[in-house]
Amino acid sequence: MAKQMLIRDVPDELVGWIDGERADKRMSQREVVINAMMIASGKRPDNGTMLIDFPSAKATETYLPPFSFIDLFAGIGGFHSALAKINGECRFSCEWDVHSQRTYKAWHHRTPVGDIKDVKISDIPDHDVLAAGFPCQPFSIAGVSKRQSLGIAHGFDCATQGNLFFQLATIIKAKRPPVLFLENVKNLKSHDKGRTWEVIHNTLDELDYWIFPKVIDAAGWVPQHRERVYIVCFDKRAAFPKKPDFVFPEPPAGPAPKLRDILEPDPDQKYTLTPHLWEYLQRYAEGHRLKGNGFGFGLVDLDGVSRTLSARYYKDGSEILIPQGKNRPPRRLTPRECARLMGFDKEFQDNIVVSDTQAYRQFGNAVCPPVVEAVGREISRVIAEKLMENGCVLKRAGTQSATGARGAGDKPVLRKSN
Ligand SMILES: C[S@@+](CC[C@H](N)C(=O)[O-])C[C@H]1O[C@@H](n2cnc3c(N)ncnc32)[C@H](O)[C@@H]1O
């Protein structure tokens, strides 16, 4: 059985060396000391590999293995902020909108590269998890089946498709990330009469991934009804030959979040609708009501949840209006309240660097970080179990990441939380 040892009065120069090794190799103090002693005692050869601590089976419930990820169609980095919280390290990001790039730089300290169509595969480092909230576009399934019957390239092999999903598929095919973590609007499955989903599913299947899709409503985490499809995939060819035991998370237990919890106490008057706009919205809604349609503004119940924040919220704010009493028109949410409604942490709420219009667009387009974090924790559990199969992880410091994706000789991905 392993013995505990406490060593007092360690000389300063040794402490300095241990700290340097820890920072350099991203290891715990214990790992550095054990490795040094194993090598000094001749129990292990000094071959540049490091024996990394691995938790007992019981501890995998809470253990978050380090992993690397890339962030495509990154927007303002909803994926980034969530995955960084669970021990993920971003190695590459791509987003072409300059305003979103500005926010991304301010929040995540790197500027994403631009148009994904211009990205060279060789510029994308190896990674464990590919994250992407890709834009939803129709596919020409007729084109696909015609090509199929003619025996010519189809699906991800067809360079002429030009669809952004195929850019993604090309990257997946070349880089073979062990895990894919994709997000899209709920109607991805019904989009273009189900053809869009059919092509996406078939392509991922053709690429040899286990596919786990699920529609999740963010209302369990934030006071907003926001249904999105999350697609988590695992590579059958390498890391996951057996179907992993992946399950999507349930929302946290306890009382559901309420809209009033995200409101600012004293928002600027400029967010109150002008009487003219308020009158117009009421007239417009009444017109639709008389025609039997349900369209109209969304005056929220402060003890409930809002409708879905959309990228067009900047136009009139009509989908989510905050009541302000009988004698005053309602107001729209402030950008800061939108950040809260999406579940972005305080450090981001306090650092909005673009105009209100751009901020509304960016939050309306974003993923909900608390949901991504919850799904990410389940992905982490699968990665941890995978690593557990060996009992411990033997890594060559500086080149491998959690699931064994090899780096291109650049900075180490492997790191360990203490
Ligand atoms: C649904 S949003 C994703 C938002 C992101 N997940 C977030 O949390 O902010 C899709 C993003 O893809 C970007 N995009 C669309 N076409 C692109 C292209 N060709 N290259 C790079 N980014 C693109 C859009 O500007 C938009 O920000």
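The shell around the ligand in this predicted model is a mix: 11 of its residues are nonpolar, 5 polar and 4 charged. Altogether 20 residues surround the ligand, and those that come nearest are Phe73, Gly75, Gly78, Gly133 and Ala366.

Next up is Cys136, which carries the "active site" annotation in an unreviewed UniProt entry. Cysteine 136 sits in a loop, with strand 4 (129-132) on one side and helix 5 (141-150) on the other. Is cysteine 136 buried or exposed? Neither label quite fits: it has 17 C-beta neighbours inside 10 Å, and burial takes 20 or more while exposure takes 12 or fewer, so cysteine 136 counts as partly exposed. Setting aside neighbours within four places in sequence, the contacts of cysteine 136 are Asn184, Val185, Leu188, His191 and Thr196.

Then there is the largest nonpolar core, made up of 82 residues. Nonpolar side chains tend to be buried together in soluble globular proteins. In this core, the members that touch the most other members are Leu72, Leu130, Ala131, Phe181, Cys338 and Met342. Helix 13 (residues 369-388) is the top contributor, giving 9 residues to the core. Where does the core lie with respect to the domains? Domain 2 (65-254 + 369-393) and domain 3 (259-365) each supply residues, so the core lies between them.

Another cysteine, Cys338, is one of the well-connected core members just listed. Again leaving out neighbours within four places in sequence, cysteine 338 makes contact with Leu309, Leu333, Ala359, Tyr360 and Phe363.

Technical notes
Residues numbered from 1 in each chain as written. Predicted model: local features only at pLDDT ≥ 70, side-chain atom pairs only at ≥ 80, totals over all residues. Core = buried A, V, L, I, M, F, W, Y, C linked by C-beta atoms within 7 Å. Helix = DSSP H or I, 4+ residues; strand = E, 2+ residues; numbered from the N terminus. Domains from an automatic or database assignment. Contact = placed C-beta atoms within 7 Å. UniProt positions renumbered as here; feature names shortened; annotations may be inferred. Near = placed C-beta within 6 Å. Nonpolar A, V, L, I, M, F, W, Y, C, P; charged D, E, K, R; others polar.
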